[in-house]
Amino acid sequence: VSARYLHSTASFVARFPARNLLPGFDGDDFFTLRNANVTDSYVVNSRTVNELRLAYGHASALLLPQNGLSTSRFQISGLVNFGALESTPTNRIFNVYQVNDLLSHVSGSHALKMGADIRKIQDDSLSALNSRGVFTFATLNGLLAGQPSNWTQRFGNTQRAFRTGLYGFFFQDDWKVTPTLSVNLGVRWD
């Protein structure tokens with residue numbers, strides 16, 4: 001039996017220079033990665049071996065307004081943009097659960113292998129684009145007068161949960177017909 005676990009986290013300020021001329025209006029990015037794997041090789045007898053693998057993978061990414069800013073976005077046409085990025089908050093969580101089994105058996109001149117690979121995938125996403133609103137002003141005077149030329153805001157739930165499964169099965173026969181001739185036969189379904 002063998003086991004492995006990996007864990008990694010990171011965070012940084014994601015800069016968006018094309019959208020922000022002023023400092024402090026970018027995004028705080030947070031990442032987490034995890035991977036766990038357990039493998040068991042079992043010798044049934046001198047001709048038969050079974051190998052079972054169980055695995056879990058996790059990745060998450062969270063983008064928040066820099067320093068917790070939760071204001072609307074303000075755009076002054078041709079001059080400057082400021083306020084919380086309209087593309088935040090954004091969150092994505094991705095999980096993969098996997099079972100993989102391989103049975104190998106030698107019988108005379110045949111080396112038989114059969115197995116399965118089963119994966120369940122979860123993909124949870126939140127993309128609250130423009131959830132705090134964007135005020136666009138044609139001029140600086142329009143901002144100072146509190147008269148936007150345009151305002152947009154998205155409403156509603158943007159949480160999505162996608163689920164799927166991947167299933168693969170195979171059978172293989174490596175047949176040593178003569179000392180100089182081998183035939184490899186197999187079938188796989190995914």
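**Notes on four loop residues**

1. Let's start with Thr 88, which sits in the loop that links strand S5 (80-83) to strand S6 (90-107). Please keep in mind as you read that this is a predicted model. Is Thr 88 buried or exposed? Its relative accessible area is 0%, so Thr 88 counts as buried, since the cut-off for buried is under 20%.

2. What surrounds Thr 88? Leaving out residues up to four places away in sequence, Thr 88 touches Leu 63, Leu 64 and Pro 65, and also Ala 128, Ser 131 and Arg 132. There is a polar contact to look for as well: the side chain of Thr 88 reaches the backbone oxygen of Leu 85 at 2.8 Å.

3. Next, find Thr 158 in the loop between S9 and S10. Thr 158 has a relative accessibility of 16% and is therefore buried, because buried means under 20%. Which residues does Thr 158 touch, not counting those up to four places away in sequence? They are Ser 125, Leu 126, Ser 127 and Ala 128. With Ser 127 you can also pick out a polar pair: a polar atom of the Thr 158 side chain lies 3.2 Å from the backbone oxygen of Ser 127. You have met Ala 128 already, as one of the residues that Thr 88 touches.

4. Now look at Gln 153, in the loop between strand S9 (150-152) and strand S10 (159-178). Gln 153 is at 28% relative accessibility, so it is partly exposed; that class runs between the 20% limit for buried and the 50% limit for exposed. Beyond residues up to four places away in sequence, Gln 153 touches Asn 130, Ser 131, Arg 132 and Gly 133. A polar atom of the Gln 153 side chain is 2.7 Å from the backbone oxygen of Ser 131. Ser 131 and Arg 132 are also among the residues touched by Thr 88.

5. Finally, turn to Leu 21, in the loop between strand S1 (2-14) and strand S2 (27-45). Leu 21 has 64% relative accessibility and so counts as exposed, the cut-off being over 50%. With neighbours within four places in sequence set aside, Leu 21 is in contact with Leu 79 and Val 80.

6. One last pair of distances is worth a look. How many Å separate Leu 21 and Phe 82, C-alpha to C-alpha? They are 8.0 Å apart in space, with their positions 61 residues apart in sequence. Gln 153 and Arg 92 are also 61 residues apart in sequence, yet their C-alpha atoms are 22 Å apart.

How values were computed
Residues numbered from 1 in each chain as written. Predicted model: local features only at pLDDT ≥ 70, side-chain atom pairs only at ≥ 80, totals over all residues. Heavy atoms only, no water. Helix = DSSP H or I, 4+ residues; strand = E, 2+ residues; numbered from the N terminus. Buried < 20%, exposed > 50% of the residue type's maximum accessible area, 1.4 Å probe, protein only. Polar contact = N/O pair within 3.5 Å; in protein donor to acceptor, adjacent residues only side chain to side chain. Contact = heavy atoms within 4.5 Å.
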